[in-house]
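I opened a fresh page for this one. Below is what I looked up, roughly in the order I went.

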There are 2 protein chains.
Amino acid sequence: MTSRLTEINVDCADPARLADFWCAALGYAVLDATDDLVEIGPRRGSDAELLEAVRRGPVAPSLFFALVPEGKTVKNRLHLDLSPIDGTQADEVARLEQLGARPADVGQTGEESWVVMADPEGNEFCVLRSLATGEFEV
Amino acid sequence: MTSRLTEINVDCADPARLADFWCAALGYAVLDATDDLVEIGPRRGSDAELLEAVRRGPVAPSLFFALVPEGKTVKNRLHLDLSPIDGTQADEVARLEQLGARPADVGQTGEESWVVMADPEGNEFCVLRSLATGEFEV
């Protein structure tokens, strides 16, 4: 028996706003939305097509943004790492700042190959070296 | 420009132990390991093949388990949701308990369609209805 990772849930104060940010960051679309829960992801067709896909192998998970009453209090124990696929790492960091992200300090030295940022609700994430440029050693 | 979600990072006290649990949970393999950082994921070939894959579209991210000095203090702001692909939801919950997970209480009513659990370091995750049985309405 096994399971697939099909969803990542993010507790938040403003599901629509955070979904907008992450749609723009990852090129995702809103798949379903209520006032307190928004799902975004790659468009993957019907439930039957999802079932077929997960039987073939692991898939790209949807992201769910769920309204919760409590705020963020500590550095997140889980965080997402993004790989730019066109343009440089610096280009992507600048684009994400335009979308509402900001630099974050989690104690990094500044010598790392990744850039630490936070989304509009302060959720830390990293921008890795670009897969599309010589920054990334293939 | 866009980025792909290629990695999920989990801060932890025992990277090897947590990697073992999640490998068994998801059918993943250890892709890289040091004392303080273990990467697991679906086997995806060379870096060049990863680059080709992310150019085609979103991919299943690797999971990184990174040693950190601080412990878990609050409910995680991000959590993973798993979809059983063979067997029932109850079968999968029992299997995950055998692997070291345990039931978790995050205030759920018990009426939800998902089961809330925690991994061996207390990271909350949910087991959704099985995709393989009549529990899931295709």
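**Helix H1 and the sheets**

I began with H1(A), which lies across S1, S2, strand S3 (37–41) and strand S4 (62–67) of chain A, running at about 160° to S4(A). My terms here: helices (H or I, at least four residues) and strands (E, at least two) are DSSP runs numbered from the N terminus; contact is heavy atoms within 4.5 Å; axes are lines fitted to C-alpha atoms, for helices over the stretch in contact, with angles from 0 to 180 degrees between N-to-C directions.

A note on what I'm looking at: this is a predicted model, where local features need pLDDT of at least 70 and side-chain atom pairs count only at pLDDT 80 or more, while totals for chains, interfaces and linings use all residues. Residues are numbered from 1 along each chain as its sequence is written, chains are lettered from A and ligands numbered from 1 in the order in which they are written, and side-chain values use heavy atoms, with hydrogens and water left out.

H1(A) also lies across S5 and S8 of chain A together with S1 of chain B, at about 120° to S1(B). I then checked H1(B): this helix (residues 15–26) lies across S1, S2, S3 (37–41) and S4 (62–67) of chain B, at about 160° to S4(B). H1(B) lies across S1 of chain A together with S5 and S8 (124–127) of chain B as well, at about 120° to S1(A).

**Chain A by itself**

I counted three helices and eight strands in chain A. Read from the N terminus, they go β-α-β-β-α-β-β-α-β-β-β. The C-alpha trace of chain A spans about 45 × 40 × 30 Å along its principal axes.

**Sheets that use both chains**

Which strands make up the open sheet that starts at S6(A)? I wrote down the order S6(A)-S7(A)-S8(A)-S5(A)-S1(B)-S4(B)-S3(B)-S2(B), eight strands with mixed pairing (two strands pair if DSSP finds at least two bridges between them). Its edge strands are S6 (102–103) of chain A and S2 (29–34) of chain B, each pairing on one side only.

The chains meet in this sheet where S5(A) and S1(B) pair, antiparallel, over seven bridges. One pair I found there is A:Pro84 with B:Ser3. S5(A) is also joined to S8(A) by three bridges, in parallel, and A:Asp81 has A:Cys126 as its bridge partner.

Another open sheet of eight strands runs S2(A)-S3(A)-S4(A)-S1(A)-S5(B)-S8(B)-S7(B)-S6(B), again with mixed pairing.

**The interface**

How many residues of each chain are in contact? I got 58 of chain A and 57 of chain B. The area buried between them is about 5300 Å², with 58% from carbon and sulfur atoms (buried area is the accessible area, 1.4 Å probe, that two parts lose on being put together, summed over both). A:Met1, A:Arg77 and A:Leu78 supply 18% of what chain A buries against chain B, more than any other three residues.

Next, charges. The rule finds four salt bridges across the interface (a side-chain nitrogen of Lys or Arg within 4 Å of a carboxyl oxygen of Asp or Glu). I looked at B:Lys75 with A:Asp11, whose closest N and O atoms are 3.0 Å apart. Over all chains, the count comes to 10 salt bridges.
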